[in-house]
Amino acid sequence: MTFLELLNVEKRFGSTTAVQQFSLQVKRGEFITFLGPSGCGKTTILRMIAGFEQPSSGQIKVNDMDITPTPANKRNFGMVFQSYALFPNMTVAANIGFGLRVAHQPAALIQDRVSEMLKLIRMEEFGSRYPHQLSGGQQQRVALARALAIQPQVLLLDEPLSALDAKIRVSLRQEIRAIQRHLGITTIFVTHDQEEALSISDRIVVMNKGRIEQLGAPHDIYNAPQTRFVASFVGTLNVLTAQADGSSSVLIDGQKVNVGNSEAAAGKPVTVAIRPEALSLHEGAPNGNHLDGLVEDIGFLGSVVRVRVRLQDQTINVDTFNNPTLVLPEHGDRIKVRFSPDACTVLRED
């Protein structure tokens, strides 16, 4: 059942349209991520949901009630910002309890709720400290606890991990997801980091130029991109220009490849996407595809080795897991790149 709904929401700043015809239905307890490059409109949508910005047109509903004109302080939504936004002159406990004090809750209730939140974020011994005495990850935990202390209907997270280093970012995103599942709170998460989006979301809204480019589960977004933009933005991808050669095959640099169903008339230019990890330099199934080419480069990326192969006018990357017994071709070797027809996605026009 739909809990949070956006209906044809648009936002214009003068002659510039930041968000256009944005519609989304979110179930209660769902974790939705808005993913896209800077300037695509994802934070603008989050601010409209929060009530900090008013839509130029459209509606925002919660439990089938129109909250579009409702001010931010009446929506009972929790917000976590990229910059922590903690009060420097308040202790951790005072920061967490701030929203409850503003709501004139009883002192005993505030104390109990603050203790509960400190335990939830595993910072029970930090209640008397000040923000400047905390690490970035600890400050963001406090900001999360402050947002959750008021028991919001919806939790809004605006790139909350982007200011943290990589290791802390991975750890904290796992904690956020665990807390969200534990509380069952409906959550909207904004990020430009595809790995974050893929790892913690129930569904991802990929955005481009103020509109939804594709909406789906992480598995579908990664494995079945519907447009060239999604294919190139999410994950590493080989995007190859081809020519339709019937109902189930294409020609890539003159070499015939089975793609299942191209849905394009013979001779028509098409774009084929293939993930590097779906390719192999080893013998494949007899009915699989192969492309002949020359090894142009070999790159070691830690756990993965990436081999770049020149076909004719285009190159293709092949990823394979690194291990001590791995046998690799050498620069200039002629090899066959093998893959299943299922590994190919014929992209529709953006």
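In this predicted model, four strands form an open sheet whose order is E2-E1-E4-E5, and the pairing within the sheet is antiparallel. Its edges are strand E2, covering residues 16–27, and strand E5, covering residues 65–66, each of which pairs on one side only. Strand E4, made up of residues 57–62, is joined to E5 by two bridges, and these two strands run antiparallel; within E5, aspartate 66 is the residue that stands opposite lysine 61. Across strand E1 (2–13), E2 and E4 lies helix H1, residues 42–50, which runs at about 120 degrees to E1.

Turning to the interior, the largest nonpolar core has 32 residues, and Ile96, Leu144 and Leu155 are those with the most contacts inside it. At least two residues of this core come from each of helix H2 (92–96), helix H4 (107–120), helix H5 (136–149), strand E7 (154–158) and helix H6 (166–183), and H5 gives the most, with seven residues. As a general background to such cores, nonpolar side chains in soluble globular proteins tend to be buried together. Leucine 155 shows what the surroundings of one core residue look like: leaving aside residues up to four places away in sequence, leucine 155 touches Gly78, Val80, Leu144, Ala147, Leu148, Ile185, Thr186, Thr187 and Ile188. Apart from this core lies another, of 28 residues, among them Val19, Leu46, Ile60 and Val205.

A charged residue can be followed in the same way. Glutamate 213 is placed in strand E10, which spans residues 211–216, and this glutamate counts as buried because its relative accessible area is 4%, where buried means under 20%. The side chain of glutamate 213 makes a polar contact of 3.2 Å with the side chain of arginine 211, and another polar contact, of 3.0 Å, joins the side chain of glutamate 213 to that of threonine 227.

Further along the chain, five strands form an open sheet in the order E13-E12-E11-E14-E19, again with antiparallel pairing. Here strand E13 (255–258) and strand E19 (344–347) are the edge strands, each pairing on one side only, and neighbouring strands of the sheet are turned against each other by 45 degrees on average, with direction ignored. Strand E12, which consists of residues 249–252, is joined to E13 by four bridges, the two strands running antiparallel, and serine 249 has asparagine 258 in E13 as its bridge partner.

Conventions: Residues numbered from 1 in each chain as written. Predicted model: local features only at pLDDT ≥ 70, side-chain atom pairs only at ≥ 80, totals over all residues. Heavy atoms only, no water. Pairing = 2+ DSSP bridges. Contact = heavy atoms within 4.5 Å. Axes fitted to C-alpha atoms, helices over the stretch in contact; angles between N-to-C directions. Buried < 20%, exposed > 50% of the residue type's maximum accessible area, 1.4 Å probe, protein only. Polar contact = N/O pair within 3.5 Å; in protein donor to acceptor, adjacent residues only side chain to side chain. Core = buried A, V, L, I, M, F, W, Y, C linked by side-chain atoms within 4.5 Å.
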